[in-house]
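Student: Could you go through this structure with me and show how each term is earned?

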Amino acid sequence: MAAAPPSGKVVYEQEGVFIHSSCGKNDDQDSLIAGILRVIEKENEVVVDWRPLDETLDTSNILCAGKDSSSVVEWTQTPKEKCSRGADRPSSYEAEWDMVTTVSFKKKPHSNGDATTHANRESKWSFLFSLTDLKSIKQNKKGMGWSYLVFCLKDDVKLPALHFHHGDSKPLIKCLEKHIALNESPHDERVLLVKTQKSLSQSFENLFDEPSYGLLQAFEGIMEIQQQRGQYWLKKWKRDPYVVTMGKFSKVTNYIVGSLRSSDQANQRRPPSEMADFLNDAIPGLKINQQEEPGFEVITRINLGKQPEVSRREPVSAEEWAKNMDSEGRILDVDYIKRLIFKGGLCHTLRKEAWKFLLGYFPWNSTKEERANLQKRKTDEYFRMKLQWKSVSEEQEKRNSRLRDYRSLIEKDVNRTDRTNKFYEGEDNPGLILLHDILMTYCMYDFDLGYVQGMSDLLSPVLYVMENEVDAFWCFVSYMDQMHQNFEEQMQGMKTQLIQLSHLLRLLDSGFCSYLESQDSGYLYFCFRWLLIRFKREFSFQDILRLWEVMWTELPCQNFHLLLCCAILESEKQQIMDKHYGFNEILKHINELSMKIDVEYILCKAEAISMQMMNCKELPQTVSEILGIENSSVTPDSDTGEDESAAELSCPSSLYQSISTPVIAANGTGDSASQAAETQSLTPA
């Protein structure tokens with residue numbers, strides 16, 4: 001039997017894993033060495049261990065080693081002992097099937113200090129390596145009998161091929177993916193590359209070398225860490241959550257974590273100031289003040305008062321929409337119709353037309369004729385751009401790596417975007433083809449940005465509503481104009497939004513912010529996906545249609561989506577604090593909210609929060625700027641005393657106090673008297 005595995009938790013074990021040595025006694029057949037393969041979680045690492053089952057084998061032709069359990073293996077061919085292949089072996093026979101001849105390996109210097117030397121006989125013909133030393137895994141060609149894998153370590157050191165005679169290698173791959181990120185090589189689909197932490201200055205172009213591991217996949221892997229990554233990764237997260245978080249979900253900036261960790265258990269939680277430094281390294285320019293820093297003291301003393309009761313109305317009907325349009329098709333009162341949409345959304349039959357206005361594809365003051373002419377021009381422009389990528393030959397594409405990478409990533413993302421929706425379900429679905437073609441054409445429209453994972457999530461609802469390739473494209477272009485910074489190399493949009501959200505949440509509930517900081521969660525990293533793709537994966541498909549159209553009205557203030565984040569977090573505050581959730585529990589809890597949030601409740605709560613802040617007499621200048629509120633006597637972000645003089649806001653509280661009376665528009669203009677009666681319809685029946 002095989003020797004006992006090294007100490008630790010065995011998370012994978014498979015017997016019948018063979019090494020094929022071409023140095024058998026007969027040159028025309030392999031010598032088979034049966035063994036057992038294990039993946040073992042140790043205290044500070046995860047290791048892969050293979051050991052022969054039969055200890056009586058002659059090992060002189062297999063492996064020679066003097067190795068401790070944690071050293072890096074370095075394989076070398078033993079001179080003048082090479083064995084020839086059988087002459088009748090077919091030419092298609094792969095080198096990996098007979099790569100083991102006579103090899104030895106040397107022990108590299110190791111500084112862990114916890115290595116133990118195995119003097120027993122079986123260690124000479126077993127091998128073991130840490131996943132931190134793994135570079136890639138090569139798989140067998142399809143249709144080749146049993147499966148096999150070849151592990152390639154760093155420094156291009158290859159281990160002998162392992163052949164799975166009694167099962168498939170897929171369970172092993174799934175096990176390894178719980179601890180490391182594996183990406184298909186762009187050059188060979190059989191090769192899985194290990195995603196490693198790279199330098200902070202890594203270029204966007206280089207990151208496209210691993211197109212399958214995008215922003216959202218990385219983030220979702222993080223958010224599901226409790227279920228999928230195991231205790232080993234949880235320990236790493238517990239020690240330095242922000243180093244690991246930002247290093248994983250940022251496609252552009254990665255942080256090298258190994259050298260920063262301390263083995264001292266007392267130092268596992270880093271002070272807030274040090275955590276801020278780590279996060280700033282991961283996303284340069286992201287500076288979120290810690291609780292003990294001056295500047296937040298005034299905000300914590302501000303009493304916003306009680307949140308007002310807010311109700312919503314029925315969606316805008318086709319009749320209401322038609323009433324607000326003149327004979328030439330102009331919208332009569334843009335502010336009024338926006339308020340109707342903000343308070344109730346749109347009935348679905350109106351979305352195809354109204355979204356074009358909300359997204360800026362159609363000018364609000366345009367006539368039907370002007371819009372028809374615009375669509376003709378935009379149709380010609382769209383198909384000219386589509387022809388650009390359609391006409392690229394295979395030979396041309398071989399010399400255009402960026403276009404190749406864009407296409408590869410788009411094809412992968414399209415095949416997993418909203419596939420449960422009838423519009424996109426099934427194979428060879430025309431909706432999927434349109435989704436693919438629009439995203440490829442957008443690469444021609446904005447080749448510098450091209451395609452970044454997550455953009456398919458933004459396009460999918462737009463195409464679903466438009467049911468037209470050209471209209472969907474130009475609406476998507478307008479939406480991307482708003483979202484562009486979220487996907488840029490420096491991620492400026494994400495930096496700004498995380499900082500702004502921190503300011504708003506601290507003003508709303510400084511005690512909750514302090515609790516989050518005490519649990520290493522003060523940077524609100526769990527809101528990353530919310531912000532990146534505007535809650536697309538947090539609400540049901542139909543709810544996201546309602547949420548987006550409300551946000552596109554840009555009412556009642558700018559950055560209303562940040563108040564939606566505040567509303568969700570405040571709704572969950574009680575459970576998080578009452579149950580004393582720590583870092584991992586907060587992460588798990590927020591992730592599990594997906595598809596469980598009541599969109600109408602959150603819209604009401606976010607609107608109530610906006611009213612609280614707009615009615616505040618000493619609103620900090622920073623918050624006023626975030627919400628786009630102009631007031632003549634705001635409180636600066638420093639302690640200026642207890643003066644509570646009323647501020648003159650451009651969006652006064654009367655906007656909400658009686659929505660059945662004429663209201664002040666967001667641009668400061670009032671409704672006409674003739675409009676007053678119609679505002680009664682803003683109140684639900």
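The conversation below sets values against definitions, one topic after another.

Tutor: This is a predicted model, in which local features need pLDDT of at least 70 and side-chain atom pairs count only at pLDDT 80 or more, while totals for chains, interfaces and linings use all residues. Residues are numbered from 1 along each chain as its sequence is written, and side-chain values use heavy atoms, with hydrogens and water left out.

Student: How many helices and strands does the protein chain have, and what makes a stretch count as one or the other?

Tutor: The protein chain comes to 27 helices and 13 strands. Both are DSSP runs numbered from the N terminus, where a helix is a run of H or I with at least four residues and a strand is a run of E with at least two.

Student: Why is H580 called exposed, and G582 buried?

Tutor: Buried means under 20% relative accessible area, exposed means over 50%, and partly exposed lies in between, with a 1.4 Å probe and protein chains only. H580 has a relative accessible area of 64%, so H580 counts as exposed, whereas G582 is at 8% and therefore counts as buried. Both H580 and G582 lie in the loop between α22 and α23. Over the 685 residues of the protein chain, 56% count as buried.

Student: What is notable about the phi of H580, and which backbone values go with M595 and P556?

Tutor: Most residues other than glycine have a negative phi, and most peptide bonds are trans. Phi of H580 is near 55°, a positive value in a residue other than glycine, and phi of M595 is likewise positive, near 70°. M595 sits in the loop between α23 (583-591) and α24 (599-615), and its relative accessibility is 51%, so M595 counts as exposed. The peptide bond from L555 to P556 is cis, with omega near -5°, and P556 belongs to the loop between α21 (541-552) and α22 (560-578).

Student: What makes a group of residues a nonpolar core, and which residues touch the most other members of the largest one?

Tutor: A nonpolar core is a set of buried Ala, Val, Leu, Ile, Met, Phe, Trp, Tyr and Cys residues joined through side-chain atoms within 4.5 Å. The largest has 124 residues, and W321, F487, F535 and M613 touch the most other members. Helix α17 (residues 469-487) gives the most to this core, with 11 residues. The core draws at least three residues from each of domain 2 (305-310 + 491-627) and domain 3 (347-486), where the bounds come from an automatic or database domain assignment. Apart from it lies another core, of 29 residues, among them Y12, I33, I173 and C175. In soluble globular proteins, nonpolar side chains tend to be buried together.

Student: Which residues is W321 in contact with, and what does contact mean?

Tutor: Contact means heavy atoms within 4.5 Å. Leaving aside neighbours within four places in sequence, W321 is in contact with V316, I331, I337, I341, L350, E353, A354, F357 and W364.

Student: How do you know that α17 bends, and that α14 agrees with a straight span?

Tutor: The expected span of a helix is 1.5 Å times one less than its number of residues. A straight helix of 19 residues would span 27 Å, but α17 spans only 23 Å between its end C-alpha atoms. The bend at a residue is the angle between axes fitted to the seven residues ending there and the seven starting there, and at D481 this comes to about 55°. As for cover, 16 of the 19 residues of α17 are buried. Helix α14 (residues 401-414) has 14 residues that should span 20 Å, and its end C-alpha atoms are 20 Å apart, so the two values agree. The buried residues of α14 pack against α12 (368-390), α13 (394-398), α15 (430-445) and α16 (455-466).

Student: What makes two strands a pair, and which strands pair with β13?

Tutor: Two strands pair if DSSP finds at least two bridges between them. Strand β8 (residues 134-139) and strand β13 (residues 191-194) run antiparallel and have three bridges, with L193 as the bridge partner of S136. Strand β12 (residues 182-184) is also joined to β13 by three bridges, in the antiparallel sense, and these two form a hairpin with six residues between them.
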